[in-house]
Amino acid sequence: MGKVEHVRPSLMYEIKQVELAVRALMDEVLRPAGVTTLQYTALTVLARRDGLTSAELARNSFVTAQTMTDMVAALERRELIVRTPDPAHGRRLLISLTDSGRAFLEEHAAEVTAIEKRMVSNLSKGERTALHDMLNRCRAALAGS
């Protein structure tokens with residue numbers, strides 16, 4: 001009988017497995033606060049880039065425009081974000097974090113950071129730096145830059 005060759009999973013499969021593991025841990029941490037991982041991601045995007053349209057926020061949060069519409073409504077009801085008219089374009093609404101939204105992110109920062117630290121706990125500092133660099137280069141390659 002022939003020798004069975006071990007075939008490694010594809011890199012994309014392994015990346016997806018990491019994403020799913022992170023998502024499960026994030027859901028566990030955020031569920032008691034009544035916020036989904038996708039909503040939390042949108043809040044972190046607004047913390048970095050305030051005053052986005054719903055379409056811009058959707059692109060930066062990796063969700064569809066329809067999903068973002070539902071998320072914005074839920075986050076607005078929770079008073080974590082606010083929509084205000086864009087002074088340069090009358091009909092556009094810009095989304096910003098409220099003080100409550102900033103406080104929410106601060107309140108959960110340690111738990112989320114702990115997940116990231118756990119994820120890279122078996123990597124040296126140099127490997128973590130290299131991983132950041134490699135992932136950013138992969139993203140840039142797929143974006144065509």
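At what angle do the axes of helix α2 (residues 37-48) and helix α3 (residues 54-61) cross, and within what distance do they come? They cross at roughly 110 degrees and come within 9 Å. Welcome to a short tour of this predicted model, which takes in that helix pair, a nonpolar surface patch, a pair of residues set apart along the chain, and two loop residues with positive phi.

**The α2/α3 pair**

- Two packed helices are described by the angle between their axes and the distance between the axes.
- Here the angle between the axes of α2 and α3 is roughly 110 degrees, and because angles of 65 to 115 degrees count as roughly perpendicular, the two helices are roughly perpendicular to each other.
- As for handedness, the crossing in which α2 passes α3 is right-handed.

**A nonpolar patch on the surface**

- Four residues, Leu11, Ile15, Leu131 and Leu135, make a nonpolar surface patch of about 360 Å².
- Two or more residues of this nonpolar patch come from each of α1 (11-30) and α6 (125-143).
- Leu11, one of the patch residues, is found in helix α1.
- Leu11 has a relative accessibility of 59%, and because exposed means over 50%, Leu11 counts as exposed.

**Leu25 and its distance to Glu111**

- Helix α1 is also where Leu25 is found.
- With 24% relative accessibility, Leu25 counts as partly exposed, because that class lies between the buried limit of under 20% and the exposed limit of over 50%.
- Leu25 and Glu111 are 86 residues apart along the chain, and a distance of 9.8 Å separates their C-alpha atoms.

**Two loop residues with positive phi**

- Phe62 is not a glycine, although its phi is positive, at about 65 degrees.
- The place to look for Phe62 is the loop between α3 and α4 (65-77).
- Is Phe62 buried or exposed? Its relative accessibility is 73%, so Phe62 counts as exposed.
- Glu79 is another residue other than glycine with a positive phi, in this case near 60 degrees.
- You will find Glu79 in the loop between α4 and β1 (81-86).
- Glu79 has 55% relative accessibility and therefore counts as exposed.

Notes
Residues are numbered from 1 along each chain as its sequence is written. This is a predicted model: local features need pLDDT of at least 70, side-chain atom pairs count only at pLDDT 80 or more; totals for chains, interfaces and linings use all residues. Side-chain values use heavy atoms; hydrogens and water are left out. Patches are made of residues with over 30% relative accessible area and no salt bridge: like charges are joined within 9 Å, nonpolar side chains (Val, Leu, Ile, Met, Phe, Trp, Tyr) within 5 Å. Accessible areas come from the Shrake-Rupley method with a 1.4 Å probe; for residues, only the protein chains shown count as cover. A salt bridge is a side-chain nitrogen of Lys or Arg within 4 Å of a carboxyl oxygen of Asp or Glu. Helices (H or I, at least four residues) and strands (E, at least two) are DSSP runs, numbered from the N terminus. Buried means under 20% relative accessible area, exposed over 50%, partly exposed in between (1.4 Å probe, protein chains only). Axes are lines fitted to C-alpha atoms, for helices over the stretch in contact, and angles run from 0 to 180 degrees between N-to-C directions. Angles under 35 degrees count as roughly parallel, over 145 as roughly antiparallel, 65 to 115 as roughly perpendicular and the rest as oblique. A crossing is left-handed if the near helix is turned anticlockwise from the far one by less than a right angle, and right-handed if clockwise.
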